[in-house]
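Here is a short walk through one protein chain, written for someone who would rather be at the bench. Have a look at the model first, and then we can go through it together.

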Amino acid sequence: MAKLRTGETVAVKVQRPNINQIFESDIDILYYIANLAEKHIPELKDYNSIAIVNEFENYTKRELDYNIEGRNIDVFYKNFVGSKIIKIPKVFLAQTSKRVLTMEYIDGVNINKYKATK
């Protein structure tokens with residue numbers, strides 16, 4: 001939680017240091033495994049494991065850019081701005097960058113505080 005100069009309380013999401021290097025290393029491992037699987041397990045050839053890893057890589061790279069995430073949240077915010085049952089945080093795009101996402105702080109109860117019901 002933080003405060004803007006305007007006094008608004010915000011939630012700030014900051015990317016972990018070196019996350020891009022960690023991600024690239026993990027993706028390299030996934031490509032290696034996908035190649036091995038396609039080469040040595042004939043039943044997996046129809047699933048195109050390499051294409052699946054490629055799609056995952058592209059999707060995750062977009063998720064690692066908080067400017068994109070912020071714009072996506074902003075679309076949801078605008079779509080639900082008048083809703084009485086759904087609350088989407090307002091994104092402060094001027095205070096958001098590739099590695100920092102700044103949103104309206106919404107107070108609530110952590111879902112982990114509730115016990116599972118049967």
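Strands here are DSSP runs of at least two residues, labelled E and numbered from the N terminus. In that sense, valine 12 belongs to strand E2. Please keep in mind that this is a predicted model.

**The overall picture**

Let us begin with the whole chain. The protein has three helices and three strands, and their order along the sequence is β-β-α-α-α-β. How does its radius of gyration compare with that of a compact globule of 118 residues? The protein has 20 Å, whereas such a globule would have a value near 13 Å. The C-alpha trace spans about 60 × 40 × 25 Å along the principal axes.

Of the 118 residues, 25% are buried. The accessible surface amounts to about 9300 Å², and carbon and sulfur atoms contribute 56% of that area. As for charge, there are 18 positive and 15 negative charges, and the mean positions of the two sets lie 9 Å apart. Contacts can also be sorted by distance along the sequence: among those with a separation of 6 or more, 53% are between residues 24 or more positions apart.

**The sheet**

Strands of a sheet pair through backbone hydrogen bonds, in either a parallel or an antiparallel way. Which of the two applies here? The pairing is antiparallel, and the three strands make an open sheet in the order E1-E2-E3. Strand E1 (2-3) and strand E3 (100-104) are the edge strands, each pairing on one side only.

E1 and E2 are joined by two bridges. They form a hairpin with five residues between the strands, and there glycine 7 has a positive phi near 95 degrees. On the other side, five bridges connect strand E2 (residues 9-14) with E3, again running antiparallel. Some of the bridge partners and facing residues are gathered here.

| Residue | Opposite residue | Strand of the opposite residue |
|---|---|---|
| Lysine 3 | Threonine 9 | E2 |
| Valine 10 | Glutamate 104 | E3 |
| Valine 14 | Valine 100 | E3 |

Now back to valine 12 in E2. What does valine 12 touch, once its neighbours within four places in sequence are set aside? Its contacts are Ala2, Val100, Leu101 and Thr102. Is valine 12 buried, partly exposed or exposed? With a relative accessible area of 40%, valine 12 is partly exposed, because that class covers values between 20% and 50%. Glutamate 69 offers another reference point: valine 12 and glutamate 69 are 57 residues apart in sequence, and their C-alpha atoms are 13 Å apart in space.

**Loops and helices**

Moving on from the sheet, we reach asparagine 18, which sits in the loop between E2 and helix H1 (19-40). Asparagine 18 has a phi near 60 degrees, a positive value in a residue that is not glycine.

Isoleucine 19 lies in helix H1. Why does isoleucine 19 count as buried? Its relative accessibility is 16%, and buried means under 20%. Isoleucine 19 and isoleucine 68 are 49 residues apart along the chain, with 17 Å between their C-alpha atoms.

A second asparagine with a positive phi comes later in the chain: for asparagine 48 the angle is near 50 degrees. Asparagine 48 is located in the loop between H1 and helix H2 (49-63). Its relative accessible area is 37%, so asparagine 48 is partly exposed.

Finally, phenylalanine 80 is placed in the loop between helix H3 (66-79) and E3. Phenylalanine 80 counts as partly exposed because its relative accessibility is 29%. Beyond its neighbours within four places in sequence, phenylalanine 80 contacts Ile86 and Ile88.

Notes: Residues numbered from 1 in each chain as written. Predicted model: local features only at pLDDT ≥ 70, side-chain atom pairs only at ≥ 80, totals over all residues. Heavy atoms only, no water. Helix = DSSP H or I, 4+ residues; strand = E, 2+ residues; numbered from the N terminus. Rg over C-alpha atoms; globule rule 2.2 N^0.38 Å. Buried < 20%, exposed > 50% of the residue type's maximum accessible area, 1.4 Å probe, protein only. Contact = heavy atoms within 4.5 Å. Areas by Shrake-Rupley, 256 points an atom, 1.4 Å probe, with all protein chains shown as cover. Lys, Arg positive; Asp, Glu negative; His and termini not counted. Charge placed at Lys NZ, Arg CZ, Asp CG, Glu CD. Pairing = 2+ DSSP bridges.
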